[in-house]
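Trainee: I would like to go through this structure with you, one question at a time.
Mentor: Go ahead; have the structure open while we talk.

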Amino acid sequence: PGFALPGNVKLVQFYFDFEEFPYETNGDGWLLKIYERDDWSNITYNKKPEGLNECKYCEIKFENGLSLPDVQAIDDEHNDIARLLDIVDPDDPYEIYNGIVHQLTGYGSGGHQLGGYPYWIQSDETPADENGNVSQLLLQIDSDDNAGLMWGDSGILYLYYNTQTGKVDYIMQCC
C-alpha cells in the first residue's frame, strides 16, 4: 500500500554470501532476482539447507512513510533549497534541514526501506547508465541486531534497479 515497485516488477529476492561478503556490484557473492509476473499458483517452497544460520528469522511489517533526500542530494540536485537554507542559517544550514527531515519523517538516519530516497552513510553513489538515466532504489537494508545482520561496521546495503536497462546494482556503505 502506497509503494509501487518500478516498471513491471512484482517481486524481488535478494541473496547474499556472507563468506564472500561483496561490497559493490562487481563483487561476487550477491544476487538480486526480479520477477515481472505475480502468478503465485506455481510457487514451491524449498527447505532451508542445513548449516545456513547466518540470519535470524524476522517478521517484516510494512508501514507507509515519508522519505526525503539527504543533505548531499540537497547540495547536488536541489540548489534552490540549499541556497535558502544557507540564507536562513549560514553557520549550519544542514542542521535546519536535518531537523525538518526528522520532524516530517520521524527519523533522520538509516533504517530498512522499500524505494524512496536512500540514506547515504558516506557519499551519494546512486548508479546511472551511460545515458545518465538514474537507477531507482529498490531496497535499503540496514544493519540490524534483531536480524543478526551487520554489514561491515554498522553499514547499509543499497539495491538499485534501472527501469531503462533492467540492470541491477548493489552498493554497501559502512560507518
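**A surface patch, a strand and a serine**

Mentor: To start, this is a predicted model. A nonpolar patch of about 390 Å² lies on its surface, made by Trp40, Ile43 and Tyr45.

Trainee: Is tryptophan 40 buried, partly exposed or exposed?

Mentor: Tryptophan 40 sits in the loop between β2 (30-35) and α1 (71-77). Buried means under 20% relative accessible area and exposed means over 50%. Tryptophan 40 has 43%, so the class is partly exposed.

Trainee: Which strand pairs with β4 over six bridges?

Mentor: β4 is joined to β3 by two bridges, and these two run antiparallel. In that pairing, glutamine 113 is opposite glutamine 140 of β4. On β4, isoleucine 141 stands opposite leucine 157, a residue of β5. The six bridges, also antiparallel, are with β5 (residues 156-161).

Trainee: How many of the seven residues of β4 are buried?

Mentor: The cut-off for buried is under 20% relative accessible area. By that standard β4 is mostly covered, and the number of buried residues is six.

Trainee: What is the relative accessibility of serine 135, and is this residue buried or exposed?

Mentor: Serine 135 is in the loop between β3 (113-114) and β4 (136-142). Leaving out residues up to four places away in sequence, serine 135 touches Thr126, Pro127, Ala128, Tyr160, Tyr161, Asn162 and Asp169. Its relative accessibility is 7%, so serine 135 counts as buried.

How values were computed. Residues are numbered from 1 along each chain as its sequence is written. This is a predicted model: local features need pLDDT of at least 70, side-chain atom pairs count only at pLDDT 80 or more; totals for chains, interfaces and linings use all residues. Side-chain values use heavy atoms; hydrogens and water are left out. Helices (H or I, at least four residues) and strands (E, at least two) are DSSP runs, numbered from the N terminus. Buried means under 20% relative accessible area, exposed over 50%, partly exposed in between (1.4 Å probe, protein chains only). Contact means heavy atoms within 4.5 Å. Patches are made of residues with over 30% relative accessible area and no salt bridge: like charges are joined within 9 Å, nonpolar side chains (Val, Leu, Ile, Met, Phe, Trp, Tyr) within 5 Å. Accessible areas come from the Shrake-Rupley method with a 1.4 Å probe; for residues, only the protein chains shown count as cover. A salt bridge is a side-chain nitrogen of Lys or Arg within 4 Å of a carboxyl oxygen of Asp or Glu. Two strands pair if DSSP finds at least two bridges between them.
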